[in-house]
Amino acid sequence: MRIRLSRTLTVAVAVLAAVAALPVAAATADVPEPVPHTAPADHATYIVTVREEVDPASVAERVDATPVHVYRTVLHGFSARLSPAQVEALREMQDVESVEEDGRAIGFGTGF
């Protein structure tokens with residue numbers, strides 16, 4: 001009984017040590033650098049939604065835009081600083097569903 005308890009305790013300590021080391025490893029992992037913005041700062045940021053079967057990054061590339069974010073789950077598209085000419089070109093593409101200037105959203109309801 002004593003040998004079994006000793007082995008169980010040794011295994012438990014090893015498992016706890018491994019679990020305790022996980023956050024440290026995650027905290028020291030390489031964090032990617034932000035994507036450089038090629039558009040001037042005076043250009044507004046837009047949210048561009050594209051059709052589900054189209055790669056959002058390839059649509060951005062077609063108008064020479066550098067995405068700030070590429071969305072592939074709830075929203076399928078990208079955000080980027082765009083010139084007026086890029087906005088117009090995107091709005092004319094069949095693969096693009098919408099091009100909206102990014103802004104502040106205000107919710108209404110019961111409150112939290």
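How many salt bridges does the structure hold? The structure holds four. The notes below concern a predicted model, and they take the salt bridges after the strands, the helix and one buried residue.

1. Strands β2 and β3. Strand β2 covers residues 69–72 and strand β3 covers residues 76–81. The two run antiparallel and are joined by four bridges. One pairing to check on screen is H69, whose bridge partner in β3 is S79. The connection from β2 to β3 is a hairpin of three residues.

2. The buried side of helix α3. This helix spans residues 84–92, and Q86, V87 and L90 are buried in it. These buried residues lie on the same side of α3 because they cover an arc of only 100° around the axis. Their cover includes strand β1 (45–50), helix α2 (56–62), strand β3 and strand β4 (96–101).

3. The other side of helix α3. Here P84, A85 and E92 are exposed. Reading the two sides together, Q86, V87 and L90 are buried, whereas P84, A85 and E92 on the other side are exposed.

4. V48. This residue is found in strand β1. Is V48 buried or exposed? Its relative accessible area is 0%, so V48 counts as buried. Leaving aside residues up to four places away in sequence, V48 touches H76, G77, F78, L82, L90, V96, S98 and V99. One of these contacts, L90, is also among the buried residues of α3. As for distance, V48 and A80 are 32 residues apart in sequence, and their C-alpha atoms are 8.1 Å apart in space.

5. R51 and E53. R51 forms a salt bridge with E53, with 2.6 Å between the closest N and O atoms. R51 is partly exposed, at 29% relative accessibility. E53 is exposed, at 59% relative accessibility.

6. R51 and D95. R51 also forms a salt bridge with D95, where the closest N and O atoms are 3.6 Å apart. What does this pair tie together? R51 sits in the loop between β1 and α2, and D95 sits in the loop between α3 and β4, so the pair ties together parts that are 44 residues apart in sequence. D95 has 17% relative accessibility and therefore counts as buried.

7. R72 and D55. A salt bridge joins R72 to D55, the closest N and O atoms being 2.8 Å apart. R72 is in strand β2 and D55 is in the loop between β1 and α2; the pair links distant parts of the chain, 17 residues apart. R72 is partly exposed at 47% relative accessibility, and D55 is partly exposed with a relative accessible area of 33%.

8. The network. Which residues are joined into one network by salt bridges that share partners? They are R51, E53, R62 and D95. Within this group, R51 bridges to E53 and to D95.

Methods. Residues are numbered from 1 along each chain as its sequence is written. This is a predicted model: local features need pLDDT of at least 70, side-chain atom pairs count only at pLDDT 80 or more; totals for chains, interfaces and linings use all residues. Side-chain values use heavy atoms; hydrogens and water are left out. Two strands pair if DSSP finds at least two bridges between them. Buried means under 20% relative accessible area, exposed over 50%, partly exposed in between (1.4 Å probe, protein chains only). The arc is that of the directions from the helix axis to the C-beta atoms. Contact means heavy atoms within 4.5 Å. A salt bridge is a side-chain nitrogen of Lys or Arg within 4 Å of a carboxyl oxygen of Asp or Glu.
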